[in-house]
Amino acid sequence: MSVSHAAAPAELGMKRPALRRRKRANLRAALLFISPWLVGAAVFTIWPIFYSGYLSFTDYDVINDPSFVGLDNYRTLVNDPKVAMALWNTTFYTVLLVPLQIIFSLSLAMLLNEAGRASGFFRTAFYLPNMTPPVAVGILLLLLFNGQNGLINEVLGVVGIDGPNWTTDASWIKPGLVMMGLWSVGSTVIILLAALRNVPDELYDAARVDGANFWHRTTKITVPMISGTIFFLVVVNT
């Protein structure tokens with residue numbers, strides 16, 4: 001018994017250098033695999049952030065060398081009324097768009113969750129707008145929201161509503177932009193669908209037995225069970 005106890009620390013001592021060498025080898029392999037991303041992040045993200053921060057304290061017109069001006073640029077921003085207007089427009093857009101994105105995406109995800117085998121096709125269809133070039137999407141949306149002969153106003157005209165000039169009327173351009181923002185909710189739909197697939201069916205079965213309707217099942221089971229995913233999407237979309 002004493003011999004075995006004495007041999008155990010010796011064996012552990014021999015294994016430790018091998019474990020350290022294996023860990024170092026794994027670390028080198030991991031760094032090698034992620035090195036393209038590290039280089040890209042350093043060149044195209046980290047360096048531009050720091051250099052932009054430096055340029056914010058200078059007078060720089062791209063052609064001439066930057067000259068240090070201290071906090072003058074920030075003083076100009078504080079006193080510029082267009083900055084306050086831009087912040088207000090951004091806040092309005094975010095407060096209106098993000099909840100609508102979550103509600104619209106959750107509705108589509110719940111429909112997809114009931115689609116069965118056809119859900120694969122619809123997942124692809126909903127995600128395609130995220131893959132479409134922004135220029136093409138912009139042209140399409142301008143055609144849809146054209147105040148004179150756009151498809152949106154044509155549909156509204158069928159039910160007797162005179163549609164506004166979505167892209168030129170100051171009162172409607174921000175709501176119009178919010179509606180345009182709902183075009184690319186595909187990624188949010190896919191994430192919410194994955195969350196819905198993890199909600200146990202037993203909870204819905206028990207709720208049906210107790211007589212809970214669709215609204216009660218949604219508010220008492222679905223939303224609480226995927227609240228972490230909803231919070232994540234609110235943060236990311238904001």
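A positive surface patch is formed by Arg16, Arg20, Arg21, Arg22, Arg24 and Arg28. The structure is a predicted model, in which local features need pLDDT of at least 70 and side-chain atom pairs count only at pLDDT 80 or more, while totals for chains, interfaces and linings use all residues. Residues are numbered from 1 along each chain as its sequence is written, and side-chain values use heavy atoms, with hydrogens and water left out.

A patch, in the sense used here, consists of residues with over 30% relative accessible area and no salt bridge, like charges being joined within 9 Å and nonpolar side chains (Val, Leu, Ile, Met, Phe, Trp, Tyr) within 5 Å. Lys and Arg count as positive and Asp and Glu as negative, with His and the chain ends not counted. Each charge is placed at NZ of Lys, CZ of Arg, CG of Asp or CD of Glu. Areas are obtained by the Shrake-Rupley method with a 1.4 Å probe, and for residues only the protein chains shown count as cover.

One member of the positive patch, Arg24, lies in helix H1, which runs over residues 2–55. Helices (H or I, at least four residues) and strands (E, at least two) are DSSP runs, numbered from the N terminus. Arg24 counts as partly exposed because its relative accessibility is 45%; buried means under 20% relative accessible area, exposed over 50%, and partly exposed in between (1.4 Å probe, protein chains only). A nonpolar surface patch of about 680 Å² is made by Leu27, Leu31, Phe33, Ile34, Trp37 and Leu38. Leu27 also belongs to this account of H1, as it lies in that helix, and with 51% relative accessibility it counts as exposed.

Past H1, a backbone detail deserves a friendly pause. Val62 has a phi near 75°, a positive value in a residue other than glycine. The residue sits in the loop between strand E1 (58–59) and strand E2 (67–68). Val62 is exposed, its relative accessible area being 63%.

Attention can now turn to paired charges. A salt bridge is taken as a side-chain nitrogen of Lys or Arg within 4 Å of a carboxyl oxygen of Asp or Glu, and by this rule the count comes to two salt bridges. In one of them, the side chains of Asp72 and Arg75 meet at 2.7 Å, N to O. Both residues lie in helix H2 (residues 72–79), three residues apart, about one turn of the helix. Asp72 is partly exposed at a relative accessible area of 38%, and Arg75 is likewise partly exposed, at 48%. The salt bridge between Arg208 and Asp205 has an N to O distance of 3.2 Å. About one helical turn separates Arg208 and Asp205, because they are three residues apart in helix H9 (residues 201–209). Arg208 is partly exposed with a relative accessible area of 45%, and Asp205 is partly exposed with 42%.

The UniProt record, an unreviewed entry, gives the annotation "transmembrane region" to residues 29–50, 92–112, 124–145, 176–196 and 217–236. UniProt positions are given in the numbering used here, feature names are shortened, and annotations may be inferred rather than shown by experiment. In the model, residues 92–112 are 100% helix and 0% strand, with end C-alpha atoms 30 Å apart. For residues 217–236, the span is 95% helix and 0% strand, and the end C-alpha atoms lie 26 Å apart. The same kind of record, again an unreviewed entry, places the feature "domain: ABC transmembrane type-1" at residues 87–238. Over residues 87–238 the chain is 74% helix and 0% strand, and its end C-alpha atoms are 14 Å apart.

Several buried residues add detail to the later part of the chain. Gly176, in helix H7 (residues 173–181), is buried, with a relative accessible area of 0%. Its C-alpha atom is 21 Å from that of Ser187, eleven residues apart in sequence. Val185 lies in the loop between H7 and helix H8 (186–197) and counts as buried at 5% relative accessibility. The C-alpha atoms of Val185 and Phe104 are separated by 8.2 Å, with their positions 81 residues apart along the chain. Leu193 lies in helix H8 and is buried, with a relative accessible area of 3%. Leu193 and Met131 are 62 residues apart in sequence, and their C-alpha atoms are 19 Å apart in space.
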